[in-house]
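Work through the exercises below with the sequence and the structure open. Each task is followed by a solution in steps.

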Amino acid sequence: MLAAQRRHFIVGLDDGERIACVLKGRGTTLACGDRVEVVRVAGGGAIERVLPRTNLVYRSDAFKEKLIAANVTLLIGVIAPDLPVDLELVDRWTVAAEAEGCRFLLVANKADLPGFDALLARLAAWRRLGYDVLTLSAKRDVAPLRAAASGEHSVLVGQSGMGKSTILNALAAGAAARTADISSALASGRHTTTSTTLHPLDADPRHGWIVDSPGMTEFALAHLAPDAIPPAFVEVRRYLGHCRFRDCQHRQEPGCAVREAVARGDIAPHRLALMHTLISDSEAVRDPARR
Ligand code: GDP
Ligand code: ZN
């Protein structure tokens, strides 16, 4: 499924044809990247079935959840030196990727600008965690990212102004024009924009695709269950199950293997603090008293 607008969808068929579809049955969720079975009906198609998915990537806050894409293999986060970078956002991306079982790639864009080396130096911590950092100058050449995204099902995230549109238009030629086409096809002339659109990297969507999610100003993870959060921190994961208490919250308990790792310098204190923030956020939206 390539794009959605309320209950109307654009589906790319295996032979490359694109058809406008309606979804049969209420209560079915559908995201870009979902594989579906379609039957032809007058004027287009009807989606009969959503095939099992490997994952579903969301963004959320305390009030709402929003689907970004299904069957994602790679989360690509973009940052650049000419705007204030929210590095906590980078940590949140790593957590989202780990929780959904996809890889994370950090793209440091605008390598041609002054201040780039200073930005790169600040990214050493993520390299140490095992994440790839790709240096890019999207305006000049996206070939390094094209290679990394080839065959992958990617979601592109980043603060506004970091270069996502530039990247998307270079990777998926004509992406902007296609988004406009799809919007008008789906909205049947009405002036609306689609929130997320899937862009095949070449003529065959099976060779990989990329989904952008515009307007991503925050990256809340309240949809993750509290239990899912500690294992989504790669450096914490290896200590889980090694604390003295089975139900250790890794706060003040004696014999906490996670806190011992922080004391040794193996876990960064701000990453542990973020873990506790995310757990609290997750518990808050699940607390019936606060609904
Ligand atoms: P978006 O808001 O993340 O979609 O960012 P855009 O793609 O609109 O880019 C924001 C600005 O950064 C635009 O003026 C781009 O031309 C510029 N830009 C994007 N990539 C690069 C780059 O590699 N180098 C430089 N110098 N500017 C870039
Ligand atoms: Zn502990």
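**Exercise 1. Place K110 and describe its backbone and its exposure.**

Solution. Start with the position. K110 sits in the loop between β9 (103–108) and α2 (116–122). The model is a predicted one. Next, take the backbone. Phi of K110 is near 65 degrees, which is positive although the residue is not glycine. Then check the exposure. The relative accessibility of K110 is 16%. Buried means under 20%, so K110 counts as buried.

**Exercise 2. Do the same for N71: which loop holds this residue, and is N71 buried or exposed?**

Solution. First, the loop. N71 lies between β7 (65–70) and β8 (74–79). Second, the torsion. Phi is near 60 degrees in N71, again a positive value in a residue other than glycine. Third, the surface. N71 has a relative accessible area of 9%. That is a buried residue.

**Exercise 3. Which residues bind the zinc ion (ligand 2), and what is the geometry of the site?**

Solution. List the protein donors. They are C243 (SG), C248 (SG), H250 (ND1) and C256 (SG). Their distances from the zinc ion (ligand 2) run from 2.1 to 2.4 Å. Now turn to the angles. The 4 donor atoms subtend 102 to 114 degrees around the ion. Four donors count as tetrahedral if all angles lie between 85 and 135 degrees. The arrangement is therefore tetrahedral. Read off the sequence spacing next. The donor residues follow the pattern C-x4-C-x1-H-x5-C. Finish with burial. Both C248 and H250 are buried.

**Exercise 4. Describe how helix α1 (residues 87–100) packs on helix α9 (residues 269–286).**

Solution. Begin with the axes. Those of α1 and α9 come within 11 Å and cross at roughly 65 degrees. That angle makes α1 roughly perpendicular to α9. The handedness comes next. The crossing is right-handed. Last, name the residues that meet. On the α1 side they are E88, D91, R92, T94 and V95. On the α9 side they are H270, R271, L274, L278 and D281.

**Exercise 5. Where is L123 found, and which residues is L123 in contact with beyond its sequence neighbours?**

Solution. Locate the residue. L123 occupies the loop between α2 and α3 (124–128). Check its exposure. The relative accessibility is 0%, so L123 counts as buried. Collect the contacts, leaving aside neighbours within four places in sequence. L123 is in contact with I79, L87, L106, A108 and V133. Add one distance. V90 is 33 residues from L123 along the chain, and their C-alpha atoms are separated by 9.6 Å.

**Exercise 6. Which strand contains S154, and what does S154 touch?**

Solution. The strand is β11 (residues 153–158). S154 has 0% relative accessibility and counts as buried. Set aside residues up to four places away in sequence. S154 then touches L74, I76, A149, W209, I210 and V211.

**Exercise 7. Summarise the protein chain: how many helices and strands, and what percentage of residues is buried?**

Solution. Count the elements. The chain has 9 helices and 13 strands. Take burial next. Of the 291 residues, 47% are buried. End with contact range. Consider contacts between residues at least 6 apart in sequence. Of these, 62% join residues at least 24 apart.

Methods:
Residues are numbered from 1 along each chain as its sequence is written. Chains are lettered from A and ligands numbered from 1 in the order in which they are written. This is a predicted model: local features need pLDDT of at least 70, side-chain atom pairs count only at pLDDT 80 or more; totals for chains, interfaces and linings use all residues. Side-chain values use heavy atoms; hydrogens and water are left out. Donors are N, O and S atoms within 2.8 Å of the metal (3.2 Å for Na, K and Ca); water is not among the atoms, so sites may look incomplete. Four donors count as tetrahedral if all angles lie between 85 and 135 degrees; four count as square planar and six as octahedral if opposite donors are over 155 degrees apart and all others between 65 and 115; anything else is irregular. Buried means under 20% relative accessible area, exposed over 50%, partly exposed in between (1.4 Å probe, protein chains only). Axes are lines fitted to C-alpha atoms, for helices over the stretch in contact, and angles run from 0 to 180 degrees between N-to-C directions. Helices (H or I, at least four residues) and strands (E, at least two) are DSSP runs, numbered from the N terminus. Angles under 35 degrees count as roughly parallel, over 145 as roughly antiparallel, 65 to 115 as roughly perpendicular and the rest as oblique. A crossing is left-handed if the near helix is turned anticlockwise from the far one by less than a right angle, and right-handed if clockwise. Contact means heavy atoms within 4.5 Å.
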